[in-house]
Amino acid sequence: MRYRSLQKHYHIMLFPGIILLFIFSIVPMFGTLIAFQDFKIGLGIWRSPWVGLENFSYMFELPDSRRIFTNTIFLATAKIVANLTIPLIFAIMLNELRKQKFKRAVQTIVYLPHFLSWVILSSVISDLLLLNGPVNHLFEAFGFEPVMFLASNKWFPYIVVFSDVWKEFGFNAIIYLAALAGVNPSLFEAAGMDGATRLQQIWHVTLPSLRPTIVLLATLAIGNVLNAGFDQILNMYSPLVYESGDVIDTYVYRAGILDGQYGLATAVGLLKSVIAFVLIMTSYQLANRFANYRIF
Amino acid sequence: MKLVRSRTIGSSVSTAALYAAMACIALLSLAPIWYTTAISFSDKAAAAAGSVTFWPQDFNLVSYATILGDPTFLGAFWISVKRVLLGGAINFVITVLMAYPLSKENREFRFRSAYMWLLVFTMLFSGGTIPLYIVVKELGLFNSIWSLVLPSAVPVFNIMLLLNFFRSIPKELNEAAEIDGAGPWYMLLKVYLPLSLPALATVTLFSVVNHWNAFFDGMIYMRSVDNYPLQTYIQQLVVQVNMQDISGDPNKLDLIAKMSNKTLNAAKIVISMLPILAIYPFLQKYFIHGIMLGSVKE
Amino acid sequence: MNKRKIFMLLLLACSLFLSACSGGNKAENGGIQGNQEKSDTQANQNNTAAAADTDPYKMPEPVDTSFVLRVNPDLKLPEGDTVENNLFTRYISEQTNINFKLLWYASNTDYDQKSKLSIASNDLPDAMVVDEKQFRAMAEGGQLEDLTEVYKKYASDEVRKYYDSTDGRALEQATIDGKLMALPNIVPQADTYVLTWVRKDWLDKLGLSEPKTLEDVEKITEAFIKNDPDGNGQADTVGLTGNNSTITQWYGHDFRAIFNYYNAHPGTWYKDASGKLVYGSTTPEAKQALIKANELYEKGLVDKEFAVRKDPSELVNSGKAGIFFQAWWVPFGLTDSIKNDPKADWKAYAIPGANGKVNVTYVATSNAFLVVKKGYKHPEALMKFLNFQTRFGKSPTEDDLKIDHTQYVSIMPLSLNIDYTDTATQKHDMLMKALNSEITPEQLTPEMKGHYERWQRVLQSNGKPDPADWGAPYSYIYGIGAIPKAEDQNIVYPAYTATTPTMDKKWSNLQKLEDEMFFQIVLGEKPIDTFDQFVADWKAQGGDDITKEIEAELQR
């Protein structure tokens, strides 16, 4: 009963946001029509010829579309897993620090690389990985042959994933830290009183209190299964590592250099959105049905 | 409030190891920033030769003078500040207003799921640059700061974070307050918000960072460089020339001389990072110290 | 109470927002309408005056033309002047009666993005300069005014002279279905010459003579690597630099020089000696070049890490490389090298190919197009402005010379270069004549007079020239100076520079095939015989279809 009287207020609270979404997100969605067009910039959205699903089939008909999709999914999945777990571990470790100044300093420093663009970071990385660079010196110290990492199809994917984690883990950890900060300290107190070891505390108190955050982030991250990180790869790859590093976005980008290819780019974007939407909706439903848990 | 902890020899060894590990991780993260800063204070020719490593070479401030000495810089800085304040405020209000009703159970708010999926939908699907450009143009927002803050006014990801946080606030509070006759607005402003400072600090940080870093919208919606926000302004200082398209054009030839200016690029990164660093501690304290959930403790 | 207050606040905020939006909207629409009305009335006046309108530079009545401008980011204008209103624009409107209205301006990179969006959303200025792709797209979309009549009627003799010097190729490129849809530029082809830049001071030190053949280049490279030319006692000198993104495309530091040596012209569609249309990356000559490039790499004469090195110019600037392939203008970017080592004495050489001629692949005659928006009332104004612009740069009147060219030429609206294709060589000759006192500096064009003065300052600087002075004249003197005489050249003209429908679909795949294979062959990861497989794949995966399409296009 009383909920009904509240509902009016809820609608009012949502109203401004919904209006803005309508104007700046929903209305522009007429742009997805481009995905079904042979879009020509001179003709615009209203006059470009329709081509049905041709833009969608394009990616699948390429001679090496299999390789491109495998690369994309491999890199994206590795990044999703690494970018969920490593910031989590880091946040838990940081949470164990008691010296507040040290803790704050570390936390501030690790979030800084987020602000460096891949243009800059990629040149730092390529310097580090040169034949006479520090990484190869380390390799030689352990008796290995020096490696041209960025020209090696064996190494390239790992470098991509590792450097992405390096850049983003500090920033990604912030959400976990915020969630930890909201945990009722009396829970830790109680665990401490019971004589729980540190690891036990982490296992029984810290992790469960992070569970909603982890589930939310994981669900949303699943939607990225076709996003391997365009900016990063574009700045780090070369034709020598197309075999392991060419992904959907970089391919579409190169296709676009020649002739705009807005249709292809929009189609690929739409395809990625649909897949993300389906995956997210599925995990939402599964969580709801089997764990009776709503992610958002 | 001090936490009670059992301290044994084993734990102090592991504590030392923990501190050492964290210090190493921090150094690893600091390295690229340090390197960039060193380049920004170096001589252009030394940087172009790639000979800068740990310390600046031929220390000088030319790059900073170039950026800071341009009157457009101050204007762009001010536009960015306005953008962050206005955009951040709008994001904040919208986030709070939307997260609260959406944090309710379906039985409490019947249309919750419909709204929620609409939000998820808009987060995942986008019409692309061209239609948004047309919309902004038709609304007459070109050259206006509103073109920078309104299209990104609804940060769906932030809303999801906050609504999840709201959900973790005990239901008993709700009921207690409602018995006292508190309406939803009172609940939101006086009960939920004060309890959610870590999450609020996080979403605020995210929207501030987003607004501060954004450059593409400024570039396409602003018709004069005088209206560029800082990142857009700085972005266009980094000269890119298509080497196949020089054509003896004196302008383009002039650009080549400026193209490989690594110190300028580095300085622009340092300069654009500083304001974020400056405000960071004020937000950081909320999500790193945590808060005492006084009312929950009882 | 509280609730109501907040509700009212929200309402207020909403209405404020809406009024802000619509307010802005009105203002802009008002502006546009105002312009249109104004130009309508002018059009009427003009119709009456049209009969007497014969001045090649000046409109009979003032007209407004909106345009967009590409500016360099650190543009400095005198106090009180703006990009839209300055001494220069006032002079233009005095000379031509054209009042340029700036719709937007942006720096180099932003400009491309913004103009694409402008075109795609049909948010166009009255006139703009676009590239070939955009030009064709706009023409296809019916966004452009036909300029055939305008050109016939109003083009100045000077402009015609330059267009005619291309044997009609320039205008042909701007002609679609028999109609002239744009005013094209004329590309100075000097950029296309692959020059070998060598540290002359290192040559002298090691007692080597200047390179005349590819063999010489190899010997010099080997000597630079082995004989410690910088005298620092360390074997830290690499050989030829490479480009990490391409083997063949002329971005600089790539191996196009080796291809040109074998008279191979990768990346270009041209007619070979027998008149057959070929794609230059798939010819037997290209294979020879790849064999050579691989040989150089295996011998260690090429930077071993070129494929992963982000910025080969670091090697040049730090004195670790003393020989590389680049265009004539590279001194504009060599100032850092000179600063790090004032002894560095870079000289350029054009190496003749195996056929005894310097082989060069020309690019399209035109790559920039001045277009006029469909429905703009005064297309002839743009023709007159091009007449004026060309006069201003190439044969200035007394009045023109009073305007500071170096200051204002960078904000020339709708800047379009109309000149001879070998203009750079002519400029070089002129500059040399002035330097040898055969002519006075006053006889030079304003541009070359500027370079002359810069070079005088360099000569008086006791070996410590201002980098801003040094690059331009040095490039014209030594870079262009290396370009051989016409009879020693073998020029290959591209037969086709636009795109065909199959290219739209399949080119990115073919390009990938090519890039990947060429890198692998040069680095020795794949044996040279895979080139034949590449050619077969290339043909099967769309190359043959494209060739047919282009042949059909060329026969039209």
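Colleague: How much area do chain A and chain B bury between them, and what share of it is on carbon and sulfur atoms?

Modeller: The size of an interface is often given as the accessible area lost when the parts come together. Bear in mind that this is a predicted model. Here chain A and chain B bury about 8700 Å² between them. Carbon and sulfur atoms carry 74% of that area.

Colleague: How many residues does each of chain A and chain B bring to the contact?

Modeller: Chain A gives 87 residues and chain B gives 96 residues. By class, the side of chain A that touches chain B splits into 61 nonpolar, 16 polar and 10 charged residues.

Colleague: Which helices of chain A supply at least two residues each to the side that touches chain B?

Modeller: Eight ranges to look up. They are H1 (2–26), H4 (65–96), H5 (100–111), H6 (118–128), H8 (156–181), H9 (185–193), H10 (198–222) and H14 (262–290) of chain A. H1(A) makes the largest share, with 19 residues.

Colleague: Now the charges. How many salt bridges are counted between chain A and chain B?

Modeller: Side chains of opposite charge can pair when their charged atoms come close. Between chain A and chain B the count is 1 salt bridge. It joins the side chains of A:Arg294 and B:Glu105, at 3.0 Å from N to O. Polar contacts are a separate count: 18 residue pairs across the interface of chain A and chain B, both partners at pLDDT 80 or more.

Colleague: Turn to chain C. How large is the area buried between chain A and chain C?

Modeller: The same reading applies. The area is about 3500 Å². Carbon and sulfur atoms give 60% of it. The contact draws 43 residues from chain A and 39 residues from chain C.

Colleague: How many salt bridges lie between chain A and chain C?

Modeller: The count is 5 salt bridges. One pairs A:Asp246 with C:Lys512, at 2.6 Å from N to O. There are also 12 residue pairs in polar contact across the interface of chain A and chain C, both at pLDDT 80 or more.

Colleague: Which elements of chain A give two or more residues to the side that touches chain C?

Modeller: H1, H2 (44–47), H3 (54–61), H4, H6, H12 (242–245) and H13 (248–259) of chain A do so. H1, H4 and H6 are also on the list for chain B. The residues on the side of chain A that touches chain C divide into 25 nonpolar, 9 polar and 9 charged.

Colleague: What does C:Glu516 pair with, and at what distance?

Modeller: C:Glu516 forms a salt bridge with A:Arg67, and their closest N and O atoms are 3.0 Å apart. The pair crosses between chains. C:Glu516 sits in helix H20 (residues 501–522) of chain C, and A:Arg67 sits in helix H4 of chain A. For the wider picture, a search of the whole structure finds 40 salt bridges over all chains.

Colleague: What is the secondary structure of chain A?

Modeller: Count the elements, then check the extent. Chain A comes to 14 helices and 0 strands. Its C-alpha trace spans about 75 × 70 × 35 Å along the principal axes.

Colleague: Where does UniProt place the feature "transmembrane region" in chain A?

Modeller: The unreviewed UniProt entry puts it at residues 12–36, 68–94, 115–135, 169–188, 209–230 and 262–284 of chain A. Set the record against the model. Residues 115–135 of chain A are 62% helix and 0% strand, with end C-alpha atoms 24 Å apart. Residues 209–230 of chain A are 68% helix and 0% strand, with end C-alpha atoms 34 Å apart.

Colleague: Where is that feature placed in chain B?

Modeller: The unreviewed UniProt entry lists several spans of chain B, including residues 12–35 and 114–136. Residues 12–35 of chain B are 100% helix, and the end C-alpha atoms lie 34 Å apart. Residues 114–136 of chain B are 83% helix and 0% strand, with a separation of 27 Å between the end C-alpha atoms.

Colleague: How far apart are the C-alpha centres of domain 1 and domain 2 of chain C?

Modeller: Start from the bounds. Domain 1 of chain C covers 49–187 + 366–411, and domain 2 covers 192–361 + 491–498. Their C-alpha centres lie 37 Å apart.

Note on methods: Residues numbered from 1 in each chain as written. Chains lettered and ligands numbered in written order. Heavy atoms only, no water. Contact = heavy atoms within 4.5 Å. Buried area = accessible area lost by both parts, 1.4 Å probe. Salt bridge = Lys/Arg side-chain N within 4 Å of Asp/Glu carboxyl O. Polar contact = N/O pair within 3.5 Å; in protein donor to acceptor, adjacent residues only side chain to side chain. Helix = DSSP H or I, 4+ residues; strand = E, 2+ residues; numbered from the N terminus. Nonpolar A, V, L, I, M, F, W, Y, C, P; charged D, E, K, R; others polar. Domains from an automatic or database assignment. UniProt positions renumbered as here; feature names shortened; annotations may be inferred.
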